[in-house]
Amino acid sequence: MAVHPITIAGEPVLHRRAAEVETFDDALRTLIDDMYQTMDEAHGVGLAAPQIGVGLRIFVYGFDNDDDVPPRGVLVNPTLVTSKISGAEPDEDEAEGCLSFPGESYPLKRADWVKVNGYDGDGNPVEFEATGWFARVMQHEFDHLNGTLYVDKLIPRHARKAKKAVKTNGWGTPGHTWMPGVDPDPFGH
């Protein structure tokens with residue numbers, strides 16, 4: 001197992017749809033193990049393959065939940081069905097962070113319920129429902145597989161702050177990464 005550098009906003013793999021996984025083999029399982037190790041070292045609750053520069057439809061998560069779903073898992077080639085998102089403006093208790101937008105957080109409205117379908121690392125079907133913050137984690141990671149960062153969905157006032165952070169941090173172009181366990185933790189864990 002190995003920890004991988006995490007790509008930062010502006011890296012092309014983060015901004016395009018990831019490819020379907022076609023082969024469930026030892027190479028895939030090694031990638032999944034590396035993703036878990038990287039997520040753990042980064043103190044994340046989820047990590048999508050594009051965040052480590054791999055353009056495949058895979059994400060791992062580690063999140064205690066009240067939905068009778070194992071608190072740690074992987075989804076390969078997932079699909080999501082969501083409840084409606086309220087039209088109200090997001091408030092501060094809905095602030096998200098992202099390992100690929102390190103050290104920043106902004107409020108974002110998300111659906112309170114999702115149905116998840118996909119496969120585990122061996123190609124076995126996985127299906128469950130998630131609610132609350134667990135549903136938020138599922139939507140956040142799924143967005144990564146479609147080339148969308150959560151900051152792409154912010155309301156205008158928060159989007160302006162995110163754009164300023166990109167400029168201030170020198171992001172927005174290829175080649176920016178941070179290394180969990182080596183570089184300072186951008187979220188202060």
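1. A cut-off to start with, since a later point leans on it: a residue is called exposed when its relative accessible area is over 50%, buried when it is under 20%, and partly exposed in between. Please also keep in mind that this is a predicted model.

2. The sheet is a good place to begin. Five strands make up an open sheet with the order β2-β3-β4-β7-β8, and their pairing is antiparallel. At the edges sit β2 (46-48) and β8 (125-131), each of which pairs on one side only. On average, neighbouring strands of this sheet are turned by 40° against each other, direction ignored.

3. Two helices lie across these strands. Helix α1, residues 26-41, lies across β2, β3 (58-62) and β4, and runs at about 40° to β3. Helix α2, residues 132-145, lies across β2, β3, β4, β7 and β8, and its angle to β8 is about 125°.

4. Strand β7 deserves a careful look from both sides. Towards β4 (residues 72-82), the antiparallel strand β7 (residues 113-119) is joined by 5 bridges. Thr82 stands opposite Val114 of β7, and Leu80 has Val116 as its bridge partner there. Towards β8, the antiparallel pairing of β7 extends over 7 bridges, with Tyr119 opposite Pro125. The hairpin of β7 and β8 has 5 residues between the strands, and within this hairpin Gly123 takes a positive phi near 90°.

5. Which side chains of β7 are buried, and which are not? In a regular strand, side chains alternate between the two faces of the sheet. Along β7, Val114, Val116 and Gly118 point to one face and are buried. Trp113, Lys115, Asn117 and Tyr119 point to the other face and are not buried.

6. On that second face of β7, follow Lys115 across to β8. The side chains of Lys115 and Glu127 meet in a salt bridge, at 3.3 Å from N to O. Because Lys115 lies in strand β7 and Glu127 in strand β8, the pair ties together parts that are 12 residues apart in sequence. How accessible is Glu127? Its relative accessible area is 55%, so Glu127 passes the over 50% cut-off and counts as exposed. Lys115, with 28%, is partly exposed.

7. Salt bridges elsewhere are worth your time too: the structure holds 13 of them. Arg136 takes part in one with Glu94, where the closest N and O atoms are 3.9 Å apart. This pair links distant parts of the chain, with Arg136 in helix α2 and Glu94 in the loop between β4 and β5 (95-97), 42 residues apart. Arg136 has 7% relative accessibility and therefore counts as buried, the cut-off being under 20%. Glu94, at 13%, counts as buried as well.

8. Arg136 has another partner in Glu96, and the N to O distance in this salt bridge is 2.7 Å. Here too distant parts of the chain are linked: Glu96 is in strand β5 and Arg136 in helix α2, 40 residues apart. Glu96 is buried, and so is Arg136.

9. Finally, it helps to view these pairs together. Glu94, Glu96 and Arg136 belong to a network of salt bridges that also links Lys109, Arg110, Asp143 and Lys153. If you have the model open, Arg136 is a handy starting point, with its salt bridges to Glu94 and to Glu96.

Technical notes: Residues numbered from 1 in each chain as written. Predicted model: local features only at pLDDT ≥ 70, side-chain atom pairs only at ≥ 80, totals over all residues. Heavy atoms only, no water. Pairing = 2+ DSSP bridges. Helix = DSSP H or I, 4+ residues; strand = E, 2+ residues; numbered from the N terminus. Axes fitted to C-alpha atoms, helices over the stretch in contact; angles between N-to-C directions. Contact = heavy atoms within 4.5 Å. Salt bridge = Lys/Arg side-chain N within 4 Å of Asp/Glu carboxyl O. Buried < 20%, exposed > 50% of the residue type's maximum accessible area, 1.4 Å probe, protein only.
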